[in-house]
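Got your viewer open? Grab the mouse, and let's take a walk through this model one selection at a time.

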Amino acid sequence: MIKKRLLDLLKEEKKYIYSQVIWKYLQFICHVLIIYMITGLLMDILSDSNRVYWGGMVNNYMLPISIMALIRFFAYKMETRDAFLASADVKKSLRKKVYEKLLSLGISYKEHISKAELTQLSTEGVEQLEVYFGKYLSQLIYSMSAPVVLFIILLRANVKSAIVLFVLVPLLPLSIFAVQTIANKLLGKYWDKYAALSDSFLNSVEGLATLKIYSRDEERAKLLDEEAEGFRKITMKVLIMQLNSIIVMDIFSYGGAAVGIAVALSEFFKGKTTLQGTLMIILLSAEFFLPLRKLGSYFHIALNGMAASDRIFNFLDIPEEEEKKADVDLNDLNIKIDNLSFAYDDSKNEALKNICFDIKAGSFVSIVGRSGCGKSTLAKIFTGENKNYLGSVKIGNVELSDISGKRLAKLFTYCTYNSYIFRGTIRDNLLLGNPEATEVAMYEVLKKVRLYDFVKRNKEGLDFVISEKAANLSGGQRQRLAIARALLHDTPFYIFDEAASNVDIESEECIMHAMKELCEKKTVIFISHRIKNTIDSDMIIMLSDGEIIESGTYKELDGNKGDFHNLAVYQLELESYGNGKRLQREEKLDDSIELETMEVSIEGGESDE
């Protein structure tokens, strides 16, 4: 019923838990006093006492009852406020821990948890703990002690009835414990189904355009329906379990109160208790069980939160690498790669095999090859995403694996063809590259990528609002904005992974021009499948099946008449074929326009005659 690790999250918030208990007790005392005054008023009415006349009734009963009711209302409001304060800070703290863990894991977090599950845990999973911290803990403390206080109070009314009620109270927590054993397994399955459905839904939404293109959206919808049906069934089982447990708790609560009332009435008819004492027991008997009954209602929601917390703590417990303190000498930024090999998921099929080459500081190095040859794998080793490589990758005299992820982020800027543009403004996206960048610096990089005129044409300028996934920008504009953001980051090394692909010719030329300017001051590693863009490289590395098959300058490799030359010729033929087709279509279009013009001229001449 209590998770010690969750309690460890409470620091200053513990005072709010204790203050809630105090406010609950104040409400309880006021309730008991109100019942005592009501029963006293009834006794005076039955005895025809002078105290029941208007003046005496107001002073002796109505005024105190009103004051007690106001105090009770105030205590309830303060309890609600403290419940909010108790949960708000803890949820914030827990989300911060998740975020810090995410940062410490770096871009390799995807190896341990999916985006959908991470989003789910850090949002709804944390929200489920609101009841645990805001209501459950204080109610637990109150529920364990309130029946004892009430037992002491009612001993004066009738000992036998008070003992019977007090003895029946433990039956309620026993039923809650019995439910817990069943609920733990059920809620584990519930969160498994929930995470799987969230993952499938997010994946389907992100790939909706592709599903539409291949007319597989209905098929995917059926798959989602099946998963949703599985989630619905487990949800129904959870609700049935909760409903059944509530029924059991109600039976013990109201059944126990009924037994206590029956004993009190029996004692009254035997003359062993007064009418006021009997009325007190009748009106307060339910209070023995209601705190625990309320705890039971919170328990189900709190149990769901505890199940979510298990998953959150599993994520937080993912082992991290030892803190790496190696630093790079900024005066020695040469990269030396020696016998580098890498395989995914302990596979025997290596993505890279015994790679050896050097990159001089300030050079422009291109890595080329057909799709799947290992280009991006190599880039992700540089950025620290692909770890546990074999061989050596050194920057100066420091091994890459000895450098922390935070330090690598300050050394390498990694820009891909699908770099994410965030919803917000152009300014917001640029400031991600450098939070301290001035407007002058931002406009400078926009000029380099030829976005300056576009930004200036808009009234908003840098505050031009970008929609989700930059849907209101063209593909070329998105890519050029990503390059501009990368330029603002200002790191010694830049990796452009197919950054000039999937864009129009104008954007491609603009991106290549920006890279060539950049390599005057920085080291640029350019990954591309297009040979034409590597002409100005200081060195070209050609990969095939994870191995280097050729290396050198463009002129050297082209002169070797090897694989590089063959790929260059093949691409040139493809481009020439595409251009020829386009020229043919344009010639046909010109011929048809000329023919239509002649026909119109003839028809016009005839009508004139």
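This is a predicted model, and the tour below goes through a helix, some charged pairs and some aromatic rings.

**Stop 1: helix H4**

Select residues 115-127, which make up helix H4. Try the distance tool on the C-alpha atoms at the two ends: they are 18 Å apart. That agrees with what you should get, because 13 residues at 1.5 Å a residue should span 18 Å. Now look along the helix and pause at Leu121, where H4 bends by about 35°. Leu121 is also one of the buried residues of H4. Others to colour as buried include Ala116, Glu117, Leu118 and Val126.

**Stop 2: Asp82 and its surroundings**

Next, select helix H3, residues 54-105, and find Asp82 in it. Is Asp82 buried or exposed? Its relative accessible area is 2%, so Asp82 is buried, the cut-off being under 20%. Show what is around it: leaving aside residues up to four places away in sequence, Asp82 touches Tyr16, Ser19, Gln20 and Trp23. Zoom in on Trp23, as its side chain makes a polar contact with the side chain of Asp82 at 3.0 Å.

Then add Arg81 to your selection. Arg81 and Asp82 form a salt bridge, with 2.7 Å between the closest N and O atoms. The two partners sit in unlike surroundings: Arg81 is partly exposed, at 42% relative accessible area, while Asp82 counts as buried.

**Stop 3: more charged pairs**

Side chains of opposite charge can pair when their charged atoms come close. How many salt bridges does a search of the whole structure find? The search finds 15, so there's plenty to click on, given that total.

Select Glu127 and Arg95, whose side chains meet in a salt bridge, 3.0 Å from N to O. Glu127 belongs to helix H4 and Arg95 to helix H3, so this pair ties together parts that are 32 residues apart in sequence. Glu127 is partly exposed, at 35% relative accessible area, and Arg95 counts as partly exposed too, at 29%.

Jump along the chain to Asp490 and Lys522. Here the closest N and O atoms of the salt bridge are 2.6 Å apart. Asp490 is in the loop between helix H17 and strand E9, and Lys522 is in the loop between helix H18 and strand E10, so the pair ties together parts 32 residues apart in sequence. Lys522 is buried, with a relative accessible area of 17%.

Before you leave the charges, select Lys91, Arg95, Glu127 and Glu130 together: salt bridges that share partners join them into one network.

**Stop 4: aromatic rings**

A pair of aromatic rings is described by the distance of the centres and the angle of the planes. The count here comes to 20 aromatic pairs. Start with Tyr132 and Tyr136: their ring centres are 5.4 Å apart and their planes are at 25°, so this pair is stacked. Both tyrosines are in helix H5, residues 129-154, and being four residues apart they are separated by about one helical turn. Tyr132 and Tyr136 are both buried.

Now swing over to Tyr420 and Phe422. This pair is edge-to-face, with 5.0 Å from centre to centre and 70° between the planes. Tyr420 is partly exposed at 41% relative accessibility, and Phe422 is partly exposed at 44%.

For your last selection, pick Tyr25, Phe28 and Tyr142, which ring pairs link into a cluster.

How values were computed:
Residues are numbered from 1 along each chain as its sequence is written. This is a predicted model: local features need pLDDT of at least 70, side-chain atom pairs count only at pLDDT 80 or more; totals for chains, interfaces and linings use all residues. Side-chain values use heavy atoms; hydrogens and water are left out. The expected span of a helix is 1.5 Å times one less than its number of residues. The bend at a residue is the angle between axes fitted to the seven residues ending there and the seven starting there. Buried means under 20% relative accessible area, exposed over 50%, partly exposed in between (1.4 Å probe, protein chains only). A polar contact is a pair of N or O atoms within 3.5 Å; within protein, one must be able to donate a hydrogen and the other to accept it, and residues adjacent in sequence count only if both atoms are side-chain atoms. Contact means heavy atoms within 4.5 Å. A salt bridge is a side-chain nitrogen of Lys or Arg within 4 Å of a carboxyl oxygen of Asp or Glu. Rings of Phe, Tyr and Trp (its six-membered ring) pair if their centres lie within 6.5 Å; planes under 30 degrees apart count as stacked, over 60 as edge-to-face and the rest as tilted.
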